[in-house]
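Open the model in your viewer and keep the selection box ready. Each stop below says what to pick and what to look for.

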Amino acid sequence: MKSKVYASVIVDIANSEVDKIFDYRVPDALAHLTAGCRVLVPFGVRDIEGYIIGLKERSDYDNSKIKDIKAALDPYPVILPEMLRLMEFMTARYHLKTVDALRLFIPSEMRKGRVKELFQTFVYINPEYESFDGDTLLKGAGQRAVFAFLQAEKRAQQSFVNKNFSAAALKNLKEKGIVLTESVGAMRRPASEADESHDIDIVLTDKQRAAVSAVTDAGGYSRFLLHGVTGSGKTEVYMNCISAAVKKGRTAIMLVPEISLTPQVFRVFRRRFGDKVAILHSGLSAGERFDEWRRLYGGEAVIAIGARSAIFAPLQNLGLIIIDEEHDGSYISESNPRYFTHEVAAARAKDSGCPLLLGSATPSIDSYCETETGEITLLELPDRINKRRLPDMRILDMRTEVRRGNPGIFSAELLRALHECIEQGNQAMIFINRRGHSSFVSCRACGYVAKCASCDVSLVYHRDDETLKCHYCGASYSMLTECPECGDEHIRYGNVGTQRVETELKTMFPKAGILRMDNDTTRTKDAHLKILGKFLRREAQILIGTQMIAKGHDFPFVTLVGLMDADLSLHFSDYRAAERTFQLVTQVAGRAGRDTQEGKVILQTYSPKHYVYRFAAAGDYTGFYKKESSIRLATKFPPYSKVLRVLYSAEKESDIGECLKPAYERVKELAEQNRAAFAFLNCMRSPVKRIQDKFRFQILARIMGQDLDKIIDSIYNIVDGTLTNKEVMCFVEINPQNLN
């Protein structure tokens with residue numbers, strides 16, 4: 001008799017045509033299967049992986065056509081019930097394919113069996129022979145040596161014995177039954193400088209205690225924003241809140257924006273919480289990521305630390321979610337599947353009935369606005385620990401430097417300050433928000449600019465390997481020796497990058513150790529950890545870097561911070577340009593003077609009178625917020641509206657037109673019906689017209705009002721209904737981080 005239990009299965013194919021539930025029969029031999037299990041099912045002419053999202057006793061399909069599940073792929077359900085509820089939220093909120101959401105919840109290497117549990121083989125003497133004399137029992141010297149070693153050690157890894165003794169002797173002992181083997185599961189652990197927990201007695205300030213009490217006494221779902229200046233002790237607040245949750249038998253997630261921050265935060269948390277902490281980020285090996293996920297799933301670890309994807313950590317009984325540096329743009333996923341981590345965290349916290357704590361020295365305008373409306377509770381740490389002063393910031397007008405006959409990339413004052421810093425045995429950090437040597441190369445004679453053949457962007461010169469690289473598709477080209485247009489040999493280098501800063505500083509300070517930290521120097525495993533470790537151990541005096549060095553790092557001997565080109569983000573074509581510049585300047589400046597010595601910040605700019613620098617130099621976030629939010633209100637930009645972009649891309653412009661034109665016509669009709677809700681609507685080429693040989697067009701809108709979410713949902717449905725050409729890729733983005 002056939003089983004009467006049916007499973008609702010999502011097959012592991014990311015195709016909109018199969019993005020639906022398929023019914024399969026659960027055979028009696030697999031009666032233990034539950035929702036969340038990964039299974040092997042017949043699909044067409046092949047067998048494919050799938051996820052059970054529910055069980056039922058009746059199917060609406062013809063029973064004779066329903067196939068049986070072939071096998072369970074894991075000994076336990078890999079997706080927790082609360083994650084299935086989160087899947088429902090994300091697919092409804094962001095119109096994701098169901099399988100794209102489900103894939104977020106497990107290590108990608110689990111799919112198709114690309115990673116498995118690690119087992120180690122141990123060898124030990126059969127108890128029947130433990131009391132025997134090896135010299136009497138055995139003839140061969142090799143066997144006697146192995147026997148004596150195991151008598152002394154009791155048990156050892158087989159690989160160790162094979163390496164240090166005779167592998168043939170060990171094999172003979174096993175064949176005789178004198179030595180037995182045992183296979184034991186093992187965990188691959190990420191590198192850490194602190195493996196033991198320690199009770200650390202730190203006396204909190206009154207403001208820190210008030211913040212901890214507010215969060216730990218919340219008694220259910222609520223949202224908090226911890227606004228604390230750099231060096232005010234936000235991390236200590238986080239750890240005390242987590243400690244309180246763990247003492248109640250609950251779990252916690254702590255998110256940081258950069259992979260480069262994760263090792264430092266992990267080290268601090270491991271020192272406090274020991275093996276209760278697991279780390280999740282893309283810099284781990286496949287085995288490490290899988291085993292850390294297993295430790296969290298099994299309850300061996302109860303605190304998950306990591307970048308954006310750690311919000312999907314398989315923790316049960318969540319007691320707290322923390323998003324540090326909550327203003328950071330990396331919390332928005334800009335590739336498929338697209339989602340906003342703050343919203344996902346809020347949904348998960350609400351489902352678990354726990355607080356969500358956001359923290360930053362420079363909160364996003366959106367989050368701070370919500371504290372004014374009462375949607376988020378504001379907690380403040382206005383002073384540095386022990387009342388240490390914020391670093392003194394000097395704003396240098398680079399136009400004056402040029403008039404004084406200094407055409408170089410360093411102001412005279414920054415060079416003087418670097419000399420002083422190094423002579424005093426301190427350290428300096430130099431921030432330049434551009435990697436490579438120069439952001440473009442051009443011909444002085446005819447004006448030709450080297451561009452990528454596949455993308456509508458300038459190539460960046462990388463001096464290390466004398467190449468021109470595209471930072472969009474990764475293509476590399478040989479450096480120009482002459483202009484391909486006119487043949488002139490006078491090639492001009494554009495804006496400065498980290499490599500050029502490094503090259504010039506090494507010439508000026510040949511005896512100083514200099515490190516560079518950007519995407520090019522941190523591609524290998526644990527590269528972040530190695531660079532930051534060297535700087536922390538004072539093996540170098542100067543650290544040059546991009547945004548990777550801007551946030552969260554705590555180096556006690558850094559007394560000088562130099563910002564090479566603060567204007568780069570200021571003049572970017574984006575409504576958030578001023579906000580991002582204020583955040584960058586404040587965050588980078590906060591790396592100086594965090595210990596007993598006072599810090600100095602030198603900011604080089606060609607726009608010294610801009611209000612962003614005035615507020616940043618004064619450390620006045622509230623003043624900046626009032627100024628910026630009033631501009632946003634007048635121009636109807638977020639948080640007083642939402643920017644919606646529908647981005648189309650394809651190899652043929654005509655293919656895009658097939659989908660874009662009908663979609664735009666229907667969105668225009670929607671706008672006509674809701675005129676008060678649309679502050680702006682247009683259709684245009686994307687500013688970067690082509691990437692990876694694909695043309696790009698977009699529909700851009702600004703929407704506001706009470707029916708905002710309903711209108712956005714309607715636009716999603718319009719786009720889904722008009723995407724009729726399979727050659728066209730299309731994504732809807734809400735408040736995209738990059739409008740290029």
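Where is the place of Glu325? Select Glu325: its place is in the loop between E13 and H11. One caution before going on: this is a predicted model.

**Stop 1: the loop between E13 and H11**

Stay on Glu325. Its phi is near 50 degrees, a positive value in a residue other than glycine. Most residues other than glycine have a negative phi, and most peptide bonds are trans. Is Glu325 buried or exposed? Glu325 has a relative accessible area of 4%, so it is buried.

Now select Asn336 and Pro337. The peptide bond between Asn336 and Pro337 is cis, with omega near 0 degrees. Pro337 also belongs to the loop between strand E13 (318–324) and helix H11 (341–352).

Add Arg338 and Phe731. Arg338 lies over the face of Phe731, 3.8 Å from the ring centre.

**Stop 2: another positive phi**

Jump to Arg538. Its phi is positive, about 65 degrees, although Arg538 is not a glycine. Look for it in the loop between helix H16 (527–536) and strand E24 (542–545). Arg538 has a relative accessible area of 36%, so it counts as partly exposed.

**Stop 3: aromatic pairs**

Show the rings of the aromatic residues. How many aromatic pairs does a search of the whole structure find? The search finds 19. Take Tyr129 and Phe132 as one of the examples. Their ring centres are 5.4 Å apart and their planes meet at 50 degrees, so the pair is tilted. An edge-to-face pair would need over 60 degrees. Tyr129 is partly exposed at 21% relative accessibility. Phe132 is partly exposed too, at 37%.

Next, select Tyr368 and Tyr621. This aromatic pair is edge-to-face, with 5.0 Å centre to centre and 70 degrees between the planes. Color H12 and H20 to see what the pair links. Tyr368 sits in helix H12 (residues 365–373) and Tyr621 in helix H20 (residues 621–635). The two are 253 residues apart, and the pair links distant parts of the chain. Tyr368 is buried at 7% relative accessibility. Tyr621 is buried at 5%.

Widen the selection. Which residues form one aromatic cluster with Tyr368 and Tyr621? Add Phe582, Tyr611, Phe615, Phe624 and Tyr625. Then show Lys627. Its charged end sits over the ring of Tyr611, 5.1 Å from the ring centre.

**Stop 4: from H20 to E27**

Leave H20 and follow the loop to E27. Pro639 is found in this loop. Select Pro638 with Pro639: a cis peptide bond joins them, and omega is about 15 degrees.

Now select strand E27 (residues 642–650). How many of its nine residues are buried? Nine of the nine are buried. In a regular strand the side chains alternate between the two faces of the sheet. Color the E27 side chains by face. One side holds Lys642, Leu644, Val646, Tyr648 and Ala650. The other holds Val643, Arg645, Leu647 and Ser649. Both faces of E27 are covered.

Bring in the partner strands. Nine bridges join E27 to strand E29 (residues 694–703), and the two run antiparallel. Use Leu647 as a marker: it stands opposite Gln698 in E29. Six bridges join E27 to strand E30 (residues 729–734), again antiparallel. Here the marker is Arg645, which stands opposite Glu733 in E30.

**Stop 5: the second largest pocket**

Turn on a surface for the last stop. The second largest pocket has a volume of about 1,000 Å³. Select Gly233, Thr235, Glu236, Asp554 and Arg594 to find the middle; these lie nearest its centre among the 36 lining residues. Two helices give two or more residues to the lining: H8 (234–247) and H9 (262–273). Which element gives the most? H9 does, with six residues. Color the lining by class to finish. You should count 13 nonpolar, 11 polar and 12 charged residues.

Notes. Residues are numbered from 1 along each chain as its sequence is written. This is a predicted model: local features need pLDDT of at least 70, side-chain atom pairs count only at pLDDT 80 or more; totals for chains, interfaces and linings use all residues. Side-chain values use heavy atoms; hydrogens and water are left out. Rings of Phe, Tyr and Trp (its six-membered ring) pair if their centres lie within 6.5 Å; planes under 30 degrees apart count as stacked, over 60 as edge-to-face and the rest as tilted. Buried means under 20% relative accessible area, exposed over 50%, partly exposed in between (1.4 Å probe, protein chains only). Helices (H or I, at least four residues) and strands (E, at least two) are DSSP runs, numbered from the N terminus. A charge sits over a ring if NZ of Lys or CZ of Arg is within 6 Å of the ring centre and within 35 degrees of the ring normal. On a 1 Å grid over the protein atoms alone, a cavity is a set of points where a 1.4 Å probe fits but cannot get out, and a pocket is an open set with protein on both sides within 12 Å along at least five of seven lines; lining residues have an atom within 4 Å of a point. Grid points are joined across faces, edges and corners, and a volume is the space filled by probe spheres set on the points. Ala, Val, Leu, Ile, Met, Phe, Trp, Tyr, Cys and Pro count as nonpolar, Asp, Glu, Lys and Arg as charged, and the others, Gly among them, as polar. Two strands pair if DSSP finds at least two bridges between them.
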